[in-house]
Structures are given as structure tokens and as C-alpha cells.
Amino acid sequence: MTMFPPAASRLSVSEQEQQLAQVAEACDGCRRCGLGSSRTQVVVSRGNPQAPLMVIGEGPGAQEDEQGKPFVGRSGQLLDRMLESVGIDSNRDAYVCNIVKCRPPENRKPTALEMAACRPWLDQQIALVDPPVILLAGATAVEGLLGIKGGITKLRGQWRRGEGGSLEGRWLMPILHPSYLLRNASKERGSPKWLTWHDLQDVQRRLAQLTAPL
Ligand code: URA
């Protein structure tokens, strides 16, 4: 896949790396909400900051909290396999992160206050990575980023254009969360997995259009 220039050519690769490292360090020391005290470690990102695709999930689970990387547990492995099936390598072609950077106890959904407290870190990641396309994995990612509650089955598969702030002009694609797909294993036509695979194909097509050499 053709790589996008780093941060829309505004930053050199090393400046981008340096500034993302500063964000990661600030996240490590963050106590803006209670999650900072109950986590094992902060989970900031994995993947390629120069990739044209950003994947945003809900928040770290047990495996992620232990390893310090997003989407490395069973949901992440399924997401990786599904992305791979449409030609996207999550570590090479995407930058992967979450709405909240610390694990909510018992894997509960992060509260509105926790999402709001963590939002400035996410906005900085988006601005520095500058991805033209963002994949929103699950209802909480949609709520945390766009403020839209519920209705993921209607929202999934529909492109949205980001408006304002760090989202301006970006293509946003909501999909079903991989943990839901783990509980719904059928690949039959019209099943959640089948629909998600089609949504990911759509993402791959958009990326191919956006990154095609002129
Ligand atoms: N689920 C998420 O939404 N994010 C992770 O990092 C892991 C599981």
C-alpha cells in the first residue's frame, strides 16, 4: 500500500515520532480520571503512525493492560485477521488506539467523564498521525468520538465525513466491535461478520483511492 506523507507533510517523520512519544509520556503520567490509578499500565497505540488508516476501539482489556498495546487480545486478533483478509496489515498499514487509554475495571464501558478526560490525548494522536480514514470499532468508539449514542447496527457501514476539530475532512467508518463478532461466529450472508467484512472491503477501496499515485 502506498504510504501517505507523515502528518500531511507538516512534520518530518522524526518530529512526528518525537511528538507522539511526548503524548505517550504525558498519558503515562495522566491522572485526569480514576482509571489512571487502577490500570496496570497505560495503553497508547501500536502500528504505523505514517499509515493512512487509524483504528479506534473502546479501551484496553486485560491482555492490553498487561502488554501495554491495544487490540492484542482475542478481539484484536480477530480484527487483525479480518483486516488481513482485505489486504490491511494492522501494524504496517494502520495506527491502532482507543477512546480511553487505561483499562476500565472488569472491562466495563468507560463513562462519559472518562471518555471526555481522555479525549485530548486522542485528539493529539489524530492531529499528529493525520489519517485520512478512521475506522471506529464499536458503539463506544462512535459515542466517544462523535457523541452519537447507540444504533451501531444502523451506523455501521455508512461513511461519515468528520466535521470540526481534529476530525475535519476525515472519512470515518463505524463497524461492529470485534468482541461482538466473537460472540456471533456465523459467516453467512447478512451475518454480523459478513457485514463487517464488506465494511472493511469498503475501507480498503477508499484507502486505495486516496493513496493511489497521481
Ligand atoms: N477492545 C477494544 O476496544 N480495544 C482494545 O484495545 C481491546 C479490546
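In this predicted model, the ligand has eight neighbours to get to know: Gly57, Glu58, Gly59, Glu64, Pro70, Phe71, Asn98 and His177 surround it. Sorted by character, this shell comes out as two nonpolar, four polar and two charged residues. As for where the ligand sits, the space it takes up is the largest pocket.

Some of these neighbours can be tied to particular atoms of the ligand. Glu58 uses its backbone, with a polar atom there lying 2.7 Å from an oxygen atom of the ligand. Phe71 also takes part through its backbone, where an N or O atom is 2.8 Å from a ligand oxygen. With Asn98 it is the side chain that matters here: an N or O atom in it sits 2.8 Å from a nitrogen atom of the ligand. On its own, the ligand would expose 230 Å², and the protein buries 92% of that.

Now for the sheet. Strands of a sheet pair through backbone hydrogen bonds, and the pairing can be parallel or antiparallel. Here there is an open sheet of six strands, running in the order β1-β3-β2-β4-β6-β5, and its pairing is mixed. At the edges are β1 (46-47) and β5 (160-161), each of which pairs on one side only. Further in, β2 (residues 53-57) and β3 (residues 94-98) run parallel to one another and are joined over five bridges.

Where do the sheet and the ligand's surroundings come together? Gly57 stands opposite Asn98 in β3, and both Gly57 and Asn98 are among the residues around the ligand. Gly57 belongs to β2, whose residues are 53-57.

How values were computed
Residues numbered from 1 in each chain as written. Predicted model: local features only at pLDDT ≥ 70, side-chain atom pairs only at ≥ 80, totals over all residues. Heavy atoms only, no water. Near = heavy atom within 4 Å. Polar contact = N/O pair within 3.5 Å; in protein donor to acceptor, adjacent residues only side chain to side chain. Areas by Shrake-Rupley, 256 points an atom, 1.4 Å probe, with all protein chains shown as cover. 1 Å grid on protein atoms, 1.4 Å probe; cavity = no way out; pocket = protein on both sides within 12 Å on 5 of 7 lines; lining within 4 Å. Sits in = over half its atoms within 2 Å of the grid points. Nonpolar A, V, L, I, M, F, W, Y, C, P; charged D, E, K, R; others polar. Pairing = 2+ DSSP bridges. Helix = DSSP H or I, 4+ residues; strand = E, 2+ residues; numbered from the N terminus.
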